[in-house]
Amino acid sequence: MEATGFSPATLSALIALVRKHTGIAMTERKSVLLERRLRPRVQALNLGSYQAYLDKVEQDRAEIPHFIDLVTTNDTLFFRTPQVWDYVEKEFLPQWWAAHPGQRLKVWSAASSSGEELYSMAMLCEEFAAANAGFGYQIHATDISQQILALARDGQYTGRSVERIQSTHPDWVKKYFRPSANGLRVVDALKKNVELAQHNLLTPLKPGKQFDLVFLRNVLIYFDQEQQQTILQQARLSMTSHAIMIVGESESITGLNTAYQFDRPMIYRME
Ligand SMILES: C[S@@+](CC[C@H](N)C(=O)[O-])C[C@H]1O[C@@H](n2cnc3c(N)ncnc32)[C@H](O)[C@@H]1O
């Protein structure tokens, strides 16, 4: 295959296909990024052109998960945006426990990527449980990408993902990780209250799930305004009346037509 990039028609078809399968709103400016990501797959499948690959995605359902893995961006790290975690540790958990003694906290990491966010939360919950007898929690983690969920299930981390926690909380690294072939692996104790499942945020979550705390961080940025509203409406159906929603540092939902109330930057309450 030649390194000539996409034809305008192929690029438009590709952008439409990304939107169809993920909802993500891409523009022509992502052309170089998309080509870099798709090229190895197109070559591995011995297809002569990007258009041939797009035809395959349209015709072969088995290719769709690979396509989704390739076009999603999964950057994340432990305790990303420290002020959020300070809030969860020092305000949310004590306040929630005081208001719901004896209940089990239900958390949703709604675009969990490789798991750093959900295991950060599991660490805070384990620490809180050690200091507050009877506290229990359940973390439901979802992502659209099967490949990234497999990494989250494995729970093995290295490099930038764990650098900050290694310097800020070496005690937690010692307590909650074990050296592994490829870096550090989270201990089973952090996995025991976690369930992972594939889920597209544009669709309703399984009925019956009601969460007290939802992390919807660094994912809204990939969608247009209409889809952001759909995602927020869908998420709301899975939140208790007192729930808190946390978004990413560069995300604000105040301009959108939703029923969430601003509490402080990145933190929203149900109306
Ligand atoms: C940049 S990561 C965010 C990870 C983590 N929440 C954080 O803030 O560090 C964005 C994740 O959103 C997922 N994603 C993209 N589109 C999605 C969709 N329609 N439904 C569910 N997850 C989606 C991607 O697969 C990716 O893992």
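**Exercise 1.** In this predicted model, determine which backbone lies 2.9 Å from a nitrogen atom of the ligand, and then establish how much of the ligand the protein covers.

*Solution.* Begin with the ligand nitrogen, which lies 2.9 Å from a polar backbone atom of Ala111. Turning to the cover, the ligand on its own has 600 Å² of accessible area, of which the protein covers 99%. Next, take the side chains: Thr76 places a polar atom 2.6 Å from a ligand oxygen atom, and an N or O atom in the side chain of Arg80 is 2.8 Å from an oxygen atom of the ligand. Finally, widen the view to the 22 residues that surround the ligand, the closest being Thr22, Thr76, Arg80, Asp143 and Asn218.

**Exercise 2.** Work out the strand order of the open sheet, and explain why strand 6 and strand 9 are each left with one side without a neighbour.

*Solution.* The open sheet has seven strands, arranged 6-2-1-7-8-10-9 with mixed pairing. Strand 6 (194-198) and strand 9 (260-264) are at its edges and have a single partner strand each, so one side of each lacks a neighbour in the sheet. On average, and with direction ignored, neighbouring strands are turned by 20 degrees against each other.

**Exercise 3.** Describe how strand 1 and strand 2 pair, and identify the strands that helix 6 touches.

*Solution.* Strand 1 (residues 104-109) pairs with strand 2 (residues 136-143) in the parallel sense over six bridges, and Ser109 stands opposite Ala141 in strand 2. Helix 6 (residues 116-131) packs on the sheet, where it touches strand 1, strand 2, strand 6 and strand 7, and its direction makes about 175 degrees with that of strand 2.

Terms used. Residues numbered from 1 in each chain as written. Predicted model: local features only at pLDDT ≥ 70, side-chain atom pairs only at ≥ 80, totals over all residues. Heavy atoms only, no water. Pairing = 2+ DSSP bridges. Helix = DSSP H or I, 4+ residues; strand = E, 2+ residues; numbered from the N terminus. Axes fitted to C-alpha atoms, helices over the stretch in contact; angles between N-to-C directions. Contact = heavy atoms within 4.5 Å. Near = heavy atom within 4 Å. Polar contact = N/O pair within 3.5 Å; in protein donor to acceptor, adjacent residues only side chain to side chain. Areas by Shrake-Rupley, 256 points an atom, 1.4 Å probe, with all protein chains shown as cover.
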